[in-house]
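The exercises below are meant to be worked with the sequence and the coordinates side by side. Try each task before reading the solution that follows.

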Amino acid sequence: MPEDTQDTPTGSPAPAAPPAPAAPASINIQTERRTGVATQEPIDPRAERVTVQSAALGIEKNFYIALPPGYDLEENRGVRYPVIYLFRGNEREWVHRRQDRSRHGRTVIDVYRDLLDEGSVGPLIMVFPGTSSEDNRVPSLLVNFLEPQRSLTVPGIGLGRFEDYFVRELISYVDIRYRTIPHRQGRAVDGFSLGGFQAIKIAAQYPQLFCSAGALDGTFLYASREGKTVRARDRVLNNPMFNPAFGLPRNLDYVAANNPANLILRGERAALASIQWLLQSGPQEAEPYQSNFYRAQHVISLLRGRRIHNGIAPVMAEAVHSWHWADVHMAATLPLHWQQLKAAYAPSAT
């Protein structure tokens, strides 16, 4: 969701630390194993769909998960694996071979498997949460909706408590059901477009949960007044699809409390600096419709102002806002995520 305009505020008042995730509520599950399904179908057959009954949302919600090769082998029964959560909107997008025409039948699982074969990454569990309405028209932004009544009839939204769903239910569920490394050194996040907003938002808000965070063309909002609020005239912010999350008229204090740029300005520096940041965008000349260059530069400048390094080349010179380039971004960031995650990986563990 690219847009133009730019800003560069400074300052860093620190909020109180967020709570750790609670144990998940009782969750009913259904799984759809796709091993052996013909590779011509749109959804990558190496991804398994899981349906959970969420207490936070009050509805069933889907996610996809891709386990590393050898996960089910007897000799690996005692091995625990790092996890990377990838965000966009609907859970299918990262694993859909024809999500747009640029993809040519590949998915991010192909990207990962190629890197694994090259030795650039090790065994990872990849999780693709559903964080939007079923038709993908109402984004959650990983926010607890301020006015959930505006989306009560929209399938896939429920009570709209998506931050609680992800932090308090889904992470715990994945850690309990699968052999993950269930602490921050074993978790990373990344995302594309509004998924980039979500990945950076949740990492900045809960730095105790993640060691690495990336984004391509994140649809970040501009922080103003030393992080106390956001730019009220931002055309992206005024999109009606954000009405359930941020209210109408917009509650700018609530927006600021959930916007990645504000969270980076106001967060505790040492906690933020403990995370590896991997933000990228398309080039300036691709603005406003094929790049979020200015928005990415805004957040990178805030990191720089707090003496926090962005650990990757921030601009993909030939990129456009497409799934092909989202996969190219992951080809660059997965090895860097792995460099952080591998310290916790112990293949001989029992």
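Rings of Phe, Tyr and Trp, the last by its six-membered ring, form a pair if their centres lie within 6.5 Å. The model used in these exercises is a predicted one.

**Exercise 1. Aromatic pairs**

Task: Find which residues are linked by ring pairs into a cluster, and describe the geometry of the pair Tyr71 and Tyr81.

Solution: Begin with the whole structure, in which a search finds 12 aromatic pairs. In the pair formed by Tyr71 and Tyr81, the ring centres are 5.5 Å apart and the planes stand at 40 degrees; since planes under 30 degrees apart would count as stacked and those over 60 as edge-to-face, this pair is therefore tilted. Next, place the two residues along the chain: Tyr71 and Tyr81 both belong to the loop between strand E3 (60-66) and strand E4 (83-87), where they are 10 residues apart. Tyr71 and Tyr81 are both buried. Finally, follow the ring pairs outward, and the cluster that they link is made up of Tyr71, Tyr81, Trp338 and Tyr345.

Task: Treat the rings of Phe145 and Phe162 in the same manner.

Solution: Here the centres lie 5.7 Å apart with the planes at 40 degrees, so this pair is tilted. Phe145 is in the loop between E5 and H2, whereas Phe162 is part of helix H2, so the pair ties together parts separated by 17 residues in sequence. As for accessibility, buried means under 20% relative accessible area, and Phe145 therefore qualifies at 6%, as does Phe162 at 0%.

**Exercise 2. The surroundings of Ser132**

Task: Locate Ser132, decide whether Ser132 is buried or exposed, and identify the polar partner of its side chain.

Solution: Ser132 sits in the loop that runs between strand E5 (125-129) and helix H2 (162-177). Its relative accessible area is 2%, and Ser132 is therefore buried. A polar atom of the Ser132 side chain lies 3.2 Å from the backbone nitrogen of Asn90. Leaving aside residues up to four places away in sequence, the residues touched by Ser132 include Lys61, Gly89, Asn90, Gly156 and Phe162.

**Exercise 3. Two histidines**

Task: For His329 and then for His96, work out the location, the accessibility and the polar contact of the side chain.

Solution: His329 is found in helix H9 (residues 323-341), and with a relative accessible area of 0% His329 is buried. The side chains of His329 and Gln280 are joined by a polar contact of 2.7 Å. Apart from residues up to four places away in sequence, His329 touches Asp190, Gly214, Ala215, Leu216, Leu278, Gln280 and Met316. For Leu278, which is 51 residues from His329 along the chain, the separation of the C-alpha atoms is 9.7 Å.

Turning to His96, this residue lies in the loop between E4 and helix H1 (108-118), and its relative accessible area of 14% makes His96 buried. The His96 side chain reaches the backbone nitrogen of Arg98 at 3.0 Å. With residues up to four places away again set aside, His96 touches Pro42, Ile43, Arg103, Arg106 and Thr107.

**Exercise 4. The cavity**

Task: State how many cavities of 30 Å³ or more the structure holds, and characterise the lining of the largest cavity.

Solution: The structure holds 1 cavity of 30 Å³ or more, and the volume of the largest cavity is about 30 Å³. Its lining consists of Leu141, Leu194, Phe197, Thr219, Leu221, Val236, Phe242 and Phe246. Sorted by character, these lining residues comprise 7 nonpolar, 1 polar and no charged.

Conventions. Residues are numbered from 1 along each chain as its sequence is written. This is a predicted model: local features need pLDDT of at least 70, side-chain atom pairs count only at pLDDT 80 or more; totals for chains, interfaces and linings use all residues. Side-chain values use heavy atoms; hydrogens and water are left out. Helices (H or I, at least four residues) and strands (E, at least two) are DSSP runs, numbered from the N terminus. Buried means under 20% relative accessible area, exposed over 50%, partly exposed in between (1.4 Å probe, protein chains only). A polar contact is a pair of N or O atoms within 3.5 Å; within protein, one must be able to donate a hydrogen and the other to accept it, and residues adjacent in sequence count only if both atoms are side-chain atoms. Contact means heavy atoms within 4.5 Å. On a 1 Å grid over the protein atoms alone, a cavity is a set of points where a 1.4 Å probe fits but cannot get out, and a pocket is an open set with protein on both sides within 12 Å along at least five of seven lines; lining residues have an atom within 4 Å of a point. Grid points are joined across faces, edges and corners, and a volume is the space filled by probe spheres set on the points. Ala, Val, Leu, Ile, Met, Phe, Trp, Tyr, Cys and Pro count as nonpolar, Asp, Glu, Lys and Arg as charged, and the others, Gly among them, as polar.
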